[in-house]
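This report goes through a single protein model from its overall layout to selected residues. The sequence and the coordinates come before the text.

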Amino acid sequence: WEERGFDYVKPKFPFGNLQGVGYKIHFCQLSSECYERYKNKALAIGLYFFTQPVVLVTNIDLVKQVLVCDFKNFHDRGLYVNTEADPLSGHLFCIEGELWCWQ
């Protein structure tokens with residue numbers, strides 16, 4: 001993230017920024033703390049989920065831009081979806097692009 005000019009939360013190997021998530025803190029608490037820390041300082045910040053880089057958008061206008069105008073470029077969220085084994089995982093916030101299309 002530093003090479004790309006982004007503010008970022010320094011990761012710790014091997015969990016990245018997920019250190020303690022699941023047993024000390026909830027993921028929502030982690031994302032909320034990062035958002036509150038950077039919301040007036042940067043449009044977006046960089047995080048790492050293990051070794052995977054992830055962007056957390058902290059500006060509401062940029063969120064609108066991404067989710068409405070640029071949706072075609074950002075529709076795949078990379079989240080767990082297995083509608084056969086876990087039908088509740090196939091909700092609107094997790095499904096990928098092809099499932100969004102009307103048949």
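## Overall layout

In what order do the elements of the protein run from the N terminus on? The order is β-α-β-β-α-α-α. The model is a predicted one, and it holds 4 helices and 3 strands.

The protein has 103 residues, of which 20% count as buried. Contacts between residues at least 6 apart in sequence include a share of 37% that join residues at least 24 apart.

## The largest nonpolar core

Which residues make up the largest nonpolar core? This core has 9 residues, namely Val 9, Leu 18, Leu 30, Cys 34, Tyr 38, Ala 42, Ile 45, Leu 47 and Leu 56. At least two residues of the core are supplied by each of α1 (27-38) and β2 (44-49). Helix α1 gives the largest share, 3 residues.

Leu 56, a member of the core, is in contact with Ser 31, Cys 34, Tyr 35, Ala 44, Ile 45 and Leu 47 when neighbours within four places in sequence are left aside.

## The second largest pocket

The second largest pocket contains about 180 Å³ of space. Its lining is formed by Val 9, Lys 10, Lys 12, Gly 16, Asn 17, Gln 19, Ile 25, Leu 30, Glu 33, Cys 34 and Arg 37. By class, the lining residues divide into 4 nonpolar, 3 polar and 4 charged.

Val 9, Leu 30 and Cys 34 appear both in this lining and in the largest nonpolar core.

## Cysteines

How many disulfides does a search of the whole structure find? The search finds 0. A disulfide is a covalent bond between the sulfur atoms of two cysteines.

Is Cys 34 buried or exposed? Cys 34 counts as buried because its relative accessibility is 7%, and the cut-off for buried is under 20%. Cys 28 has a relative accessible area of 47%, so this residue is partly exposed.

## Asn 17 and Pro 53

Asn 17 is placed in the loop between β1 (7-8) and α1. With a relative accessibility of 6%, Asn 17 counts as buried. Residues up to four places away in sequence not counted, Asn 17 touches Val 9, Lys 10, Pro 11, Leu 30, Leu 47 and Tyr 48. Asn 17 is also one of the residues that line the second largest pocket.

Pro 53 belongs to strand β3 (residues 52-57). Its relative accessible area is 43%, and Pro 53 is therefore partly exposed. Leaving aside neighbours within four places in sequence, the contacts of Pro 53 are Trp 1, Leu 47 and Tyr 48. Leu 47 and Tyr 48 are thus touched by Asn 17 and are in contact with Pro 53. The C-alpha atoms of Pro 53 and Asn 17 are separated by 9.9 Å, with the two residues 36 apart along the chain.

## Asn 82

Where does Asn 82 lie? Asn 82 lies in the loop between α3 (71-74) and α4 (97-100). The relative accessibility of Asn 82 is 30%, so this residue counts as partly exposed.

Outside its neighbours within four places in sequence, Asn 82 is in contact with Pro 87 and Ser 89. Between the C-alpha atoms of Asn 82 and Ile 95 the separation is 9.4 Å, and these residues are 13 apart along the chain.

Conventions: Residues are numbered from 1 along each chain as its sequence is written. This is a predicted model: local features need pLDDT of at least 70, side-chain atom pairs count only at pLDDT 80 or more; totals for chains, interfaces and linings use all residues. Side-chain values use heavy atoms; hydrogens and water are left out. On a 1 Å grid over the protein atoms alone, a cavity is a set of points where a 1.4 Å probe fits but cannot get out, and a pocket is an open set with protein on both sides within 12 Å along at least five of seven lines; lining residues have an atom within 4 Å of a point. Grid points are joined across faces, edges and corners, and a volume is the space filled by probe spheres set on the points. Ala, Val, Leu, Ile, Met, Phe, Trp, Tyr, Cys and Pro count as nonpolar, Asp, Glu, Lys and Arg as charged, and the others, Gly among them, as polar. A disulfide is a pair of cysteine sulfur atoms within 2.5 Å. Buried means under 20% relative accessible area, exposed over 50%, partly exposed in between (1.4 Å probe, protein chains only). Contact means heavy atoms within 4.5 Å. A nonpolar core is a set of buried Ala, Val, Leu, Ile, Met, Phe, Trp, Tyr and Cys residues joined through side-chain atoms within 4.5 Å.
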